[in-house]
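Reader: I'd like to go through some of the labels people attach to a model like this. Could you back each of them up for me?

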Amino acid sequence: MKPLAHSTVFIANRGEIANRVIQTARRLGMRTAVLHGAMDADLPYVTNADIAVPTTVVPPVAPYLDISGLVKTAIECGADAVHPGYGFLSENAEFAQAVIEAGLIWVGPSPDVIAAMGNKLHAREVAARLSVPVNGATEPASTSENALRQADELGYPVLVKAANGGGGIGMAMARSEDSLIRAYSRVQETAQRNFASPDVFIERYLDSARHVEVQIFGLPNGRVVALGERDCSVQRRNQKIAEESPAPFLTDEVRSGLVQAAVNLGESISYANAGTVEFLVDMRAGTFVFLEMNTRIQVEHPVTELVTGLDLVELQFRVSFGHDVDIADLNIEPSGHAIEARIYAEDSERFMPRPGKITRWTEPAGSGVRVDSGFTSGNEVTPFFDPLLAKLSVHGATREAALERLGEALADFVVEGPETNLPFLRRLVASPHFSSGRYDTGIVRDLQSEALSGKETA
Amino acid sequence: MTQMINAEMSASVWRVLVTPGTEVEADEPILILESMKMEIPVMSDGGRVVEIAVSQGEIVQSGQHLVTVDPS
């Protein structure tokens, strides 16, 4: 066991998640170190860190993907541990291994577990072995003939996905044999370029499903606890925009099925640390299929923290540093309702990127309102990284109370300079689609086409 | 009428797909911008590409001139 106080953590990330990790590390008496490009020098995560290491490497994303460079920087900062955040190398087993081999603590699950779950096909195999339903093949479609045969068995429409993909990149939908052949070669090419492996697989495309995930936390003694679920069905381009917990209208039967499947999956691979198991739920049939597992802290983790009162980043640190975490502290009945909305630098109609200099930034505040932000007034939002500016999360005794609080907080959130999706988020929260709680992954498409036809008739 | 295409947002030029003189179809990508981890194909109404004012890897600002196309 290593004491947390006076240790130094190097955060191999930037923006809001680096800032989020700094908050907890500081409360635990730890020192924090980060890496930043010249244009990011004034960002809150840089000014809040104890040690900020500048880099001039281009493209600006490169230093966050450079395993040996990151390990070297961590050592030069005198770091005892490395927290990877999400994205970048957070689910890269080689990076985790390199950190450990350098004698540092990796704040995450073991490299073996990351490697096992990082390949989506392998993860599906593990799930299928545990009798968790999966949605299609557990083998790659090695040729286009193979893909056609698998799609024929599953029935169209199907999704073609990169085995090592993620974040909505490396997938395409096909409704016919012709479009499948095109989708197959396109995804194969994207997979090779982005994920260094051309392996793709076929799954059945579910049109009106809900995306529900279970937050798990694994202890070193092999026990895995579920910390409730999150509904993440509000998506654009397969990327999440808003998340909530509990998932509205989820029956107790489906909820306990999801929790059991997630815990079984975690325990079968001796998962230790924070992780998320994602499912697609067919609300009408009351059935679900396993999608994938994320072996890191999730963007939307504040939703779970608000309903459980836990600090997931603190738990990550405690387990990684070898401290005892009592399972009784994790067996918490979630209370109330939490919703998170992601503020992106993008327009509210087509969701196109909108970099620019922030001239005014005013965050909402108040009881039950939490803001995790990566930016503030005067900062430059560059085109080099993803468009997430901040996460606004609210908590209320009921879903209605949380919705009302979210509507007010969104009205109070002011960002001037780059265009943001705040107008879209306000429209989303005020819409009957969202407020009824009876939505699925088609909600953004439906809202946008209504807005468009409303404009045409106006 | 000659079509001048400008950048919709600040971005880097990820790929230039054609050279000046090339005839392109409407909605055929001429170059691909990358901004905030998103690939944004730049297209025209179709015609002959007369000028490509940027090169691969270059950072462009919102409103900056990218391509000129003469309708055929």
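Reader: Before the rest, what is the handedness of the crossing where helix 7 of chain A passes helix 8 of chain A?

Author: Helix 7 of chain A passes helix 8 of chain A in a right-handed crossing. Bear in mind that this is a predicted model.

Reader: Why is helix 7 of chain A called oblique to helix 8 of chain A?

Author: Start with the angle: the axes of helix 7 (residues 144–154) and helix 8 (residues 177–195) of chain A come within 10 Å and cross at roughly 135 degrees. Roughly perpendicular covers 65 to 115 degrees, and roughly antiparallel needs over 145. An angle of roughly 135 degrees fits neither class, so helix 7 of chain A counts as oblique to helix 8 of chain A.

Reader: Which residues meet there, in helix 7 and helix 8 of chain A?

Author: On the helix 7 side of chain A you have A:Ser144, A:Ala147, A:Leu148 and A:Ala151, and they meet A:Glu177, A:Leu180, A:Ile181 and A:Tyr184 in helix 8 of chain A. By class, the residues of this contact divide into 6 nonpolar, 1 polar and 1 charged.

Reader: What makes helix 13 of chain A and helix 14 of chain A roughly antiparallel?

Author: The axes of helix 13 (residues 399–412) and helix 14 (residues 422–430) of chain A come within 10 Å and cross at roughly 155 degrees. Anything over 145 degrees counts as roughly antiparallel, so helix 13 and helix 14 of chain A earn that label. Their crossing is left-handed. Helix 13 of chain A brings A:Leu403, A:Leu406, A:Gly407, A:Leu410 and A:Ala411 to the contact, while helix 14 of chain A brings A:Leu422, A:Leu425, A:Arg426, A:Val429 and A:Ala430.

Reader: How do those contact residues of helix 13 and helix 14 of chain A divide by class?

Author: Into 8 nonpolar, 1 polar and 1 charged. Gly counts as polar and Arg as charged.

Reader: On to the sheets. What makes strand 3 and strand 5 of chain A edge strands?

Author: The open sheet in chain A has 5 strands in the order 3-2-1-4-5, with parallel pairing. Strand 3 (51–55) and strand 5 (105–106) of chain A each pair on one side only.

Reader: How do you know that strand 1 and strand 2 of chain A pair?

Author: Pairing takes at least two bridges. Strand 1 (residues 8–11) and strand 2 (residues 31–37) of chain A have 4 bridges in the parallel sense, so they count as a pair. A:Thr8, for one, stands opposite A:Arg31 in strand 2 of chain A. Helix 1 (residues 15–27) of chain A lies across strand 1, strand 2 and strand 4 (81–83) of chain A, and runs at about 165 degrees to strand 2.

Reader: And chain B: what is the strand order of its open sheet?

Author: The order is 5-4-2-7, with 4 strands in antiparallel pairing. Strand 2 (residues 11–16) and strand 4 (residues 31–35) of chain B share 4 bridges, and B:Val13 stands opposite B:Leu33 in strand 4 of chain B. Strand 4 and strand 5 of chain B pair over 5 bridges, with B:Ser35 opposite B:Met38 in strand 5 of chain B. In the hairpin of strand 4 and strand 5 of chain B there are 2 residues between the strands, and B:Met36 takes a positive phi near 50 degrees.

Reader: Where does UniProt place the "domain: Lipoyl-binding" feature?

Author: The unreviewed UniProt entry puts that feature at residues 1–70 of chain B. The span is 0% helix and 51% strand, and its end C-alpha atoms lie 7 Å apart.

How values were computed
Residues numbered from 1 in each chain as written. Chains lettered and ligands numbered in written order. Predicted model: local features only at pLDDT ≥ 70, side-chain atom pairs only at ≥ 80, totals over all residues. Axes fitted to C-alpha atoms, helices over the stretch in contact; angles between N-to-C directions. Parallel < 35°, antiparallel > 145°, perpendicular 65-115°, else oblique. Left-handed = near helix turned anticlockwise from the far one by under 90°. Contact = placed C-beta atoms within 7 Å. UniProt positions renumbered as here; feature names shortened; annotations may be inferred.
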